[in-house]
Amino acid sequence: MDTFFDLATTFDLLSLDIVHRALIAGAVLGLLAGVLGPLVVTRKMSFAVHGTSELAFTGGAAALLLGVSVGYGAVGGAVLAALLLGLLSQKDSERDSVIGAVLAFGLGLGVLFLALYDGRATTKFGLLVGQPFGVAADNVWQLVGMAALVLVVLAFLYRPLLFASVDPDVAAARGVPVRVLTPVFAVLVGIATALSVQIVGALLVLALMITPAAAACRVTSSPGRATLLSVVFAEVAVLGGIVLSLAPGLPVSAFVTAISFAIYVGCRVVGGVRVRRIGSRRVAAAA
């Protein structure tokens, strides 16, 4: 247990370049996940994010087998999954079944690719639970560039996306191209999911993409404040997880998920207290 709280070792490791790159990559992903997360939660796409992460895992596994960049493979797999989910699940009644079918196919294919890969087992394991300390300098610039692209596109589409997310029927009646925005937003989420796989792994993407946003939505109904809180929560989870994992040398994803869940539980408690107070005030006003 002493290794979990070894501050001397933690400060020594914080001076390493690989740790600096991991922190930069984590900060970029925290920003991206925090901005996209509230829209994902509002659109009820949490299960879709999980399915997309599995196809990002499949793309990364295929890249390992072919000897190309894992990052590009993960992005390719995630974007393909996002397009499939966005185009095949236009109706809410079809969404879960389509995601389940795509998820199962992608996971099975990814396992096959890993079985055929003869390289190091740690590289395979990294696709599942993340490998932030393996991020090279070129990968950091790749992350920054892709994140910037997603954020720029999102900035142009944010208002119609928010409208379509809150009330798609009214948005469609007002002329918002809901059917076009759905696959476009799915692609943006797919890119963010693929980038997150490198930090927390395919199995735990929800901890970064969904949990901070779900926590923020528990304490505020304002889209702006929810986005701001979601970014803060995501940054605390990913950066805190990286720092806490240094001394014990354990997978970062375990710490990221623990911090995210602790924040979520805290926000549920705060949200519950606020609801009870509002209810008491209304009762008192009526009396």
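**Cysteine environment and packing of helices H11 and H12**

Cysteine 267 is buried (under 20% relative accessible area, computed with a 1.4 Å probe on protein chains only), its relative accessible area being 7%. The model is predicted, so that local features require pLDDT of at least 70 and side-chain atom pairs count only at pLDDT 80 or more, whereas totals for chains, interfaces and linings use all residues. Residues are numbered from 1 along each chain as its sequence is written, and side-chain values use heavy atoms, with hydrogens and water left out.

Cysteine 217 is partly exposed (between 20% and 50%), with a relative accessible area of 34%. A search of the whole structure for disulfides, defined as pairs of cysteine sulfur atoms within 2.5 Å, returns 0. Cysteine 217 is in no disulfide, and the nearest cysteine sulfur, belonging to cysteine 267, lies 10.0 Å away. Cysteine 267 is likewise in no disulfide.

Helix H11 spans residues 211-219 and helix H12 spans residues 223-246; helices are DSSP runs (H or I) of at least four residues, numbered from the N terminus. Their axes come within 8 Å and cross at roughly 135°, where axes are lines fitted to C-alpha atoms over the stretch in contact and angles run from 0 to 180 degrees between N-to-C directions. H11 is therefore oblique to H12, that is, outside the ranges under 35 degrees (roughly parallel), over 145 (roughly antiparallel) and 65 to 115 (roughly perpendicular). Pro212, Ala213, Ala215, Ala216 and Val219 in H11 are in contact (heavy atoms within 4.5 Å) with Ala226, Leu229, Ser230, Phe233 and Ala234 in H12.

Methods. Helix = DSSP H or I, 4+ residues; strand = E, 2+ residues; numbered from the N terminus.
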